[in-house]
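Reader: I've got a structure to go through with you. Mind if I fire off some questions?

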Amino acid sequence: MKLSLTGLSVVAILACSLSVQAAGKDLLLLTTPDADAKLATRVQQFCSTELYSLAVQVKPLKKDADSAWPVLSKVLASTLGKDDLAAVLLSSSAVNSNTITLSSNAPVAVVNLKDPRKDGKADDELYARWIERESMRAYGLLLGVKTCPNPQCAMSDYKVKPESLSELGRNYCPYCKKCLGEQLKAKGIVIPEPKRVRKVGP
Ligand SMILES: [Zn+2]
């Protein structure tokens, strides 16, 4: 949100709180049977708010979460309904050492939940922020947003560690946010225009 102060009036540009007007155009957030439900809910809410209020549906992946990547990639693709835009699985069964693994055949990805808390490198809050950031990046890549050179942006491929997150962002930079808007419009999704609201007060 941008705030500009002019005398006693504050003009705030508020993101419209209306949900995106496209029934069924959802993002899926898949979880494994051992998932941390609180973390999944937090990632769901953060991504939905930041991604133009797209609906993010949490769905448990009941089987095959531990499969090797070629099989898992097909399992993830099979979870997509015909109008679902993309699916991201939060998994602690590392597919490989990368934080994010993307399928080349379908808009699906895995965010690897390596847990730095075990080594004392992060507390719960930093860990949750890190997963929010990596999930934002996974959805961005799946929705057609390119890697960003700005290390503050969630779309940068800067090797972010939880301990560096106090200085780095979990959101998209304005350019990447605009790119996402264009990609969504191209998919027929109506993005609510930001509303100008005049408030009077101190
Ligand atoms: Zn960016």
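Reader: Which residues of helix 4 are buried?
Author: This is a predicted model, so take the burial as computed from it. Residues three or four places apart on an α-helix point the same way, because there are 3.6 of them a turn. Down the axis of helix 4, the buried residues sit within an arc of 80°, so they line one face. Those residues are Cys 176, Leu 180 and Leu 184.

Reader: And what do the buried residues of helix 4 pack against?
Author: The opposite side first: the face turned away from the buried one carries exposed residues, among them Lys 178, Glu 182 and Lys 185. The buried residues of helix 4 have a helix as their packing partner, and that's helix 3 (124-142).

Reader: How far apart are the end C-alpha atoms of helix 4?
Author: Helix 4 runs over residues 174-186, which is 13 residues. At 1.5 Å a residue, helix 4 should span 18 Å. The model agrees with that, as the end C-alpha atoms are apart by 18 Å.

Reader: What phi does Gly 188 have?
Author: Gly 188 comes after helix 4. Its phi is positive, near 85°.

Reader: Where does pLDDT stay under 50?
Author: On average the chain has a pLDDT of 83, and 79% of the residues score at least 70. Where pLDDT is low, the predicted coordinates shouldn't be read in detail. So don't lean on the 44 contacts beyond four places in sequence that the model has for the stretch under 50. That stretch is residues 1-22.

Technical notes. Residues are numbered from 1 along each chain as its sequence is written. This is a predicted model: local features need pLDDT of at least 70, side-chain atom pairs count only at pLDDT 80 or more; totals for chains, interfaces and linings use all residues. pLDDT is the predictor's confidence in each residue, from 0 to 100. Two residues are in contact if their C-beta atoms, placed from the backbone, lie within 7 Å. Helices (H or I, at least four residues) and strands (E, at least two) are DSSP runs, numbered from the N terminus. The expected span of a helix is 1.5 Å times one less than its number of residues. A residue is buried if 20 or more other C-beta atoms lie within 10 Å of its own, exposed if 12 or fewer, and partly exposed in between; C-beta atoms are placed from the backbone. The arc is that of the directions from the helix axis to the C-beta atoms.
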